[in-house]
Each structure stands twice: as C-alpha cells, then as structure tokens.
Amino acid sequence: MSGLSSYLFSTLSKVGGIGGSGIPDFHYTLGAVVEAYSGQSIWQLHHGQKSDNSKQEASIFVFDKTRGNSGFTTVAQNALKRMRTLRHPGILRYMDGAETADAIYIATEPVTALSLVTESENDDELRRWGLYKMAETLRFIGEDCKMVHGNVCAATVFVTRAGEWRLGGLELVDALAGGDGQQIYRHFASAVPGYNARMAPEFETRKWDAVEAAKPGAVDGWSLACLIHEAFNGNLKTLSQLDAQGRIPQSLWPLYQRLHQADIRRRMTPGDFLQSASQSGAYLDSEFVHASLFLENIAVKEQDEKNEFFSGLHTLIAGFPQAFCKYKILPELLKVMEFGGGDAKVLSGIIHIGKGLDEAEYAELVVPAIVQLFGSNDRALRFSLLEHMDSFIPSVPAAVVGKQVFPNFSTGYLDAAPAIREATVKASLVVAPKITSKTLNNDMIRQLVRLVGDPEPGIRTNTLICIGKLCTAKEGILDLDAGGINENSHRYVICPAILHALRDSFPPVRSAALAVASACAPHWDAVEIARRVIPTLSPLLIDSERPVRVAALKALQTMVTRVEAHSLTMPATTVPAKPANADTGGSSSGRAQAVAADMAAASMAAASGWGGWAVSSLSSTFSGALSLAASSPSAAIAPTTSQTQSMSAPPQPNPLSQSQSFSSSSVAAVAKPTAAAAAASPSVAKSTQSEKAPASGWGFDDDDWDEGNGANDGWGIDDEEDPWDKNDSTVGSSVAGNPSSSQKPAIAFSNRPAAGMAMSNNTLTPASQKPATLSLSKPAAASKSLSANRTNVSASQTSTAVPRRKGLGAMKLGGAAKKPAILDDDFI
C-alpha cells in the first residue's frame, strides 16, 4: 500500500490534483515545465503560482526522489535546508517548500536560469550589476557565514524579471571547517551535473586541509572565475576553456586571472575582487551600479544624500534597461514614497518609468502603490501626488479611481492647508473624467461650490475656473461621463454660487464668476436669468475695475440673448380669447359689460398720451354726483370738432341725482387745443366777480378763493403772476353756444351725458354763464354750489394742457375752497 500511495502522490503532484496544489503543506500549484533547463541541475524547473486568490507567480524546483541514488536525495535535502536558513538579497528568495515521500519542492520568486538568457538579453550594465551581486553574496557566505558554496555557475545563477542575478544551487553549501570531515561538498560534489568542468583544483586533489587553512571565500573565488567566463563566453565544457580571455573585458581580465589561480593560498577571494573592481575606473565603477546600490541602501542614507540622488535620478533612468526600471527601481521608489522619504522628484521618476508600462503592468506595479499613497497623512507626499495627477491618473482604471482613490482625494477639499486645497481644486479636472456622473454631481461639484467661499482669494478664483471648465465639458474641453453635470446641479448648486461670487470683493473672482456665468447661461433657466442673474450682474457694468466691466458687458449680452430666445417661445398674451358668439348671445347686461370693457380699454389707451386724463373710481368714494367746473376763465380750452355738437346741447337731467348714487368712474376729458385755435384766440379781459354760496356738501366754507384784488390766492400765488399760467399756450376764447368774448368760456365736468354724445363715463358739458361752481348732488335736495372768482388769463399764458397741481390743494375741511382743486395723480 505504501508503494501505491507514493505513486498516487507522485502522479497527482505533477497535475496538481490535491488541495489546490496537490502537495501537502505546499501552497503553490505546479505549472509547465521549463524543458530547456532539464539536465543542467538535479532539479526540474516549473512555472507555478500561489494557490490562493492572489495567483502570485513563482518558480518551483522539483526533485524526484525516485530518480538516481541516495546521494542526489542528500544534496537536494541540503539545498532545501540552506534555502530556508540562508537569507540574503543576493540569494534566490525562498517562498515555500515541502518534502514528500517521492519528491522535494522549493518555491522561489519567478526567475530564469542565466544559462538560458540569450546574449541580446544580457545587457552589459545588468552583467556588471550581476557580477557585483554575486561577488557580494559569495563574500557573505564565505566571510560572514564561514561556509563554502562550491557550485557557482551559469546553471545555478538565476535572473529575475528585473534582470538581477540571484544565487541558487545550494546543494553543496556547508561549513568551511569542522563537522568531522562530513561536509557535503567533500562527498557529493559528483552528484552535481557538469561539475567536473568547473571543479576547483583543491577539490579535484581532495586537499581538504588546504581548504580549511585558506582564507574564507578562497574556494568560491575559483567558482566566481568560472561564472565570469560563462557570463561572457558561454557555458563551460572543459577546464581548459578557463584559460582563454574570449570576450572578457580588458579592465576585468587581470582580476579574473587572480581569481583563476590554481594555488588556493594566492587566489583572490570574492571580497577582495569586489573591493578591487569597485575602485574608480575599474569594471564595476559605473553609474548604474552606484544607483542600484543607493536604492538598496536608501533606508540608511542621510536626507541630503537622498535629495542629491533624486535630483539626478530622472536623467539616470533614461539610460537604464527598461526591465530593471520596472521591476527594480520602481518598487524601490514606491517604498520611498510610502514611508514619506520622497518628494516630487521621486514621484517624477515613478511617472517616467510608468510611461513605458503597458496597461496590465501599470495595473500590477503602479496602481496598488498609488492607491496606498493617497491614504497617507503626509501632506508633502499628498501635495506631490496632486501636483502630478495628470501624469498617472489617466492610466489608472476608472473603477479604481472612483472606489479607492477619490474618497481619499476628496479630503483635500477640506484640508487645513491652503496649498492642499488649491492643488486639489486643480487636480479635479484630471479626476473628473474618471468618476461617474453621480459622484461628479453629488460629491465633487458640491465640494467645489463650498470652496467658492474659501478665505483665500486665489482658491476662490481657481475654484470658479474649475467649475467653468467642468460646465463646458460637453463642448469638448473634458471627456466626462456621459451624463456630465446635470441640470439640477446647474440650477440649484452652481447658479447660486456664481451669484454669490459676483459680489466678491476680489476683482479676479468677479471676473472669473462672469466668465463662468457666460459659459453656464445655456444651462440656466431663462426666468431665473431675468429675475436673479441680470439684476445681480448689472451693477458690475460700472465696476471700478475695467476687466470686470468688460466681462460684465459680455456676460450681460449673453444673458439677454438667452432671455430673448426664451421670450420668442412664449405666447403673445395670457388673456383668454373672447368667444365668437359673445355679442349674439347672453343677456343685455352681459352685452353692456362687454361694451363698457371696450370703452374702458379705449379710455386707457387715450389716457396714455397728454391729450386727456383718466380718473377712475373717484366718485365711488363719495355718495353724490361730482361736478367740477372752472371758477374762472383760466382753463379755456378749444374743443375738438367732434365735441362741438355735444357741448352745445343743453344739459340733460341727471338721473343719478335722484337715485342717491353716481357713476363710479366720473372722468373729466380735456381736449388738447390745436395750434390754429390757439393762434386765433383773442385776449380775455380780466373781470372780477364774486358770489357767496352756502356751504356745499364737501363741508367747506363758502369763502372766495380770491377777491380779485391782487392778493395771494389759495395757492399762495397772486393771480396776476401765476407761474402755472405763464406756460399756457393761447386757447380759443369762444365755445360753441357762447360766442361772446367778454366772458371766459369754461368747461363743466358732469356725469350727465350731453345731447348728441354717446353715453360714457367721461362727458364734456358747456359751462353756464354764471361763475363755475363745484356742486354735489344729494338725494331729494337741491345741490349746493361753491362760488369761485373769475380770473383773467392772457391768451399767451395758456397752455395746451391743463397744469397739474398735486393733492387736493386748498380744499380745507371747515373752510371755503379758494379755487377748484386739480385731482391728485393717485386717482388717475
């Protein structure tokens, strides 16, 4: 049964059938076999990946115990042991291992054997750096660990994706001395394939005492020489090939010869080689090697050294191998940024390397680091990220930006440092195309609007500019999400913010607000523009700053154009149309109301000029018919031809006087005299006549307005030099029905219709020969009158329009009226 179980485990391990990996306590899944490596080692090299969700890539070395003798199993077990216990940057990185009854498994970082690397892929700078790392690793094993590797060659050195060399093949690693002579390299060296072609002379002669007496690392000096030869001239077949220089550089050849010494006592150790080859002008003295060393030891460098190195890093990177930059320099720079030791120069190097990555590599190497960097609380780091957003965010997937980057990015809007807030505003234009329309309208726009009231004027200005660019994104400035900024954000969020900014005390803010208003006008409601925007914008037309005035004028023109376009879509009127059968049907009262409405409209149209007065709802204030006649010939007016006939007719009885009410719209229509009538009117002789009358219904005393003796009248002005009469134009002196020129014609205002004149609220009746009186009709009683003095008015002093006098003038309660008062404007 044990044989069957071993067979099953061996078979399933190759196909990965048990527990994901098919190997107990081994967390990696075997992949395809690297056939080209077969026969170069006791191990079979496989591609592999981690069994969990990370799917981390790995290289898996598999040793089949069923092949070969027990010596092979011993060296394989020793390799697993040393891989677990020896840790150094130059040693192949161990990740996992397991041993079963049939096999041994070792999982390491993904690598390729140096023997499989073509000459075109073996860059000279990478070769320099690789030899440096191997010499340093062998020095560590020999001098620090007091051990012997004894198996350094192209088949046991592996190349990472970055092009760095890693030392493997730890099958023969053991202590330099002690162990009672049971060191692995003494007894099992022959188990390593091809070992006879590179075996050290002391191993071939088995002079173990000389090995123990030699300087630590002297044995591996010979192995290093073999590696140098294979790195330049290819794989070794025989020991005699080591004597040929081949393509080994001349600067390296002397050092190689010292490593290739047959006498172990004169042989150069790896540590001595490293020191000699790194001197100025030597083979390992190069910028690439120095830069790589600095990055590996950057954690212990001083800040001044870091600043000096990073200042020239951008230039160095341009000449470095692309693979080395992606997988070696980039991770080191990201570590520096992560722990707060980097600045804009470091970030610039990261961005420069990222440009050479494809989408998958960028997502694998750069995106996770960027997401992590945005979560940092270091303001210097965040400021560097914000300043260079346009260099790396376009390559970050939109889903990553929306869910992982933007939440940390948006905290910059509320940061206490003004520099962070301003940099966040500027970077918003880069982030906006990567977020959804919902995030744009609900989060970003509202955060920007909040900054319109920021204490820093520069931030307020830049925020408005940013909002303007976002609002015009649909015109091609930005490639936003299909929805972009919606109408609700335009109307309820952006518009109030712009109106607030128009009143800002900082002129550039006002100019920016005007520019944004012009850009957003097509998205704003025309009614809001007319009611709110234009009134707020108008004062800026006379702003103290000329650029603001110019911008205000342009913005106002844009707003007016927008409102004008909207007005063309509005109906001509909101008054409902009159039914076609309104005059043919209905009661007589309805038809009368329609006629009255038409006449009222005509009266309003006539009142819009200077030819007449429109007085409405005056008589409704009093309980009698109001009749106002001129008390003197001071208001002689030549009637028009259409009025002559109606004025000459005798007055008709007033039916309203017996019904205790009068018309609610008694109006005095004053006709404008023509120039001909004014030119033909003779002078009117001055006459005085006074007549006392009892107190009228107004409750005024019946005292005269003026005694005609030159004293001041009720207005405080002498009748001879009344300023109201000086501007009057000449009017006719005769009125139809009263041709006598010795008396001043007057017009009586009455609510009784004249003969031959259409019934209306406004009528003109000829004045009587008696002085004009102001009468009120009372129910079942004779109307009382107020007498007024006649005044002579020169024809040259009359006016084409009756002068207005504000208020009820001299109508004093408890006293007699001096003159008829002109009605107040408020009643018109």
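**Entry 1: helices, strands and the chain overall**

I began with the secondary structure and found 30 helices and 15 strands in the chain. I remind myself here that this is a predicted model. Next I looked up how much of the chain is tucked away: of its 828 residues, 48% are buried. The accessible surface comes to about 39200 Å², and carbon and sulfur atoms account for 53% of it.

I also wanted to know how far along the sequence the contacts reach. Taking contacts between residues at least 6 apart in sequence, I found that 68% join residues at least 24 apart.

**Entry 2: two helices packing**

What angle do helix H22 and helix H23 make where they pack? I looked up H22 (residues 457–471) and H23 (residues 487–501), and the angle is about 145°, with the axes 12 Å apart. I noted that their crossing is left-handed.

Then I listed who meets whom. From H22 come Leu464, Ile467 and Cys471, and from H23 come His490, Ile494, Ile498 and Ala501. Sorting the residues of this contact by type gave me 6 nonpolar, 1 polar and no charged.

**Entry 3: a histidine in a loop**

I moved on to His523, which sits in the loop between helix H24 (507–520) and H25. Is His523 buried or exposed? I have it down as buried, because its relative accessibility is 16% and the cut-off for buried is under 20%.

Leaving out neighbours within four places in sequence, I found His523 in contact with Cys471, Glu487 and His490. Two of those names were already in my notes: Cys471 in H22 and His490 in H23 both take part in the helix contact above. I also checked Asn486, which is 37 residues from His523 along the chain; their C-alpha atoms are separated by 9.0 Å.

**Entry 4: salt bridges**

How many salt bridges does the structure hold? My count from the model is 28, and I picked three of them for a look.

I started with Glu202 and Arg267, whose side chains meet at 2.7 Å, N to O. Glu202 lies in helix H5 (residues 201–204), while Arg267 is in the loop between helix H8 (253–259) and helix H9 (270–277), so this pair ties together parts that are 65 residues apart in sequence. Both partners are buried: Glu202 has 4% relative accessibility, and Arg267 has 1%.

Then I turned to Arg532 and Glu528, where the closest N and O atoms are 3.2 Å apart. Both residues belong to helix H25 (residues 526–537) and sit 4 residues apart, about one turn of the helix. Here I wrote down two labels: Arg532 is partly exposed at 36%, whereas Glu528 is buried at 18%.

My last pair was Arg166 and Glu164, joined by a salt bridge of 3.4 Å, N to O. Arg166 counts as buried at 11% relative accessibility, and Glu164 counts as buried at 3%.

**Entry 5: a network**

Which residues are linked with Arg166 and Glu164 in a network of salt bridges? I wrote down the other members: Glu109, Lys133, Glu136, Glu296, Lys328 and Glu332. I liked finding that the Arg166 and Glu164 pair from my last entry belongs to this network.

Technical notes
Residues are numbered from 1 along each chain as its sequence is written. This is a predicted model: local features need pLDDT of at least 70, side-chain atom pairs count only at pLDDT 80 or more; totals for chains, interfaces and linings use all residues. Side-chain values use heavy atoms; hydrogens and water are left out. A salt bridge is a side-chain nitrogen of Lys or Arg within 4 Å of a carboxyl oxygen of Asp or Glu. Buried means under 20% relative accessible area, exposed over 50%, partly exposed in between (1.4 Å probe, protein chains only). Axes are lines fitted to C-alpha atoms, for helices over the stretch in contact, and angles run from 0 to 180 degrees between N-to-C directions. A crossing is left-handed if the near helix is turned anticlockwise from the far one by less than a right angle, and right-handed if clockwise. Contact means heavy atoms within 4.5 Å. Ala, Val, Leu, Ile, Met, Phe, Trp, Tyr, Cys and Pro count as nonpolar, Asp, Glu, Lys and Arg as charged, and the others, Gly among them, as polar. Accessible areas come from the Shrake-Rupley method with a 1.4 Å probe; for residues, only the protein chains shown count as cover.
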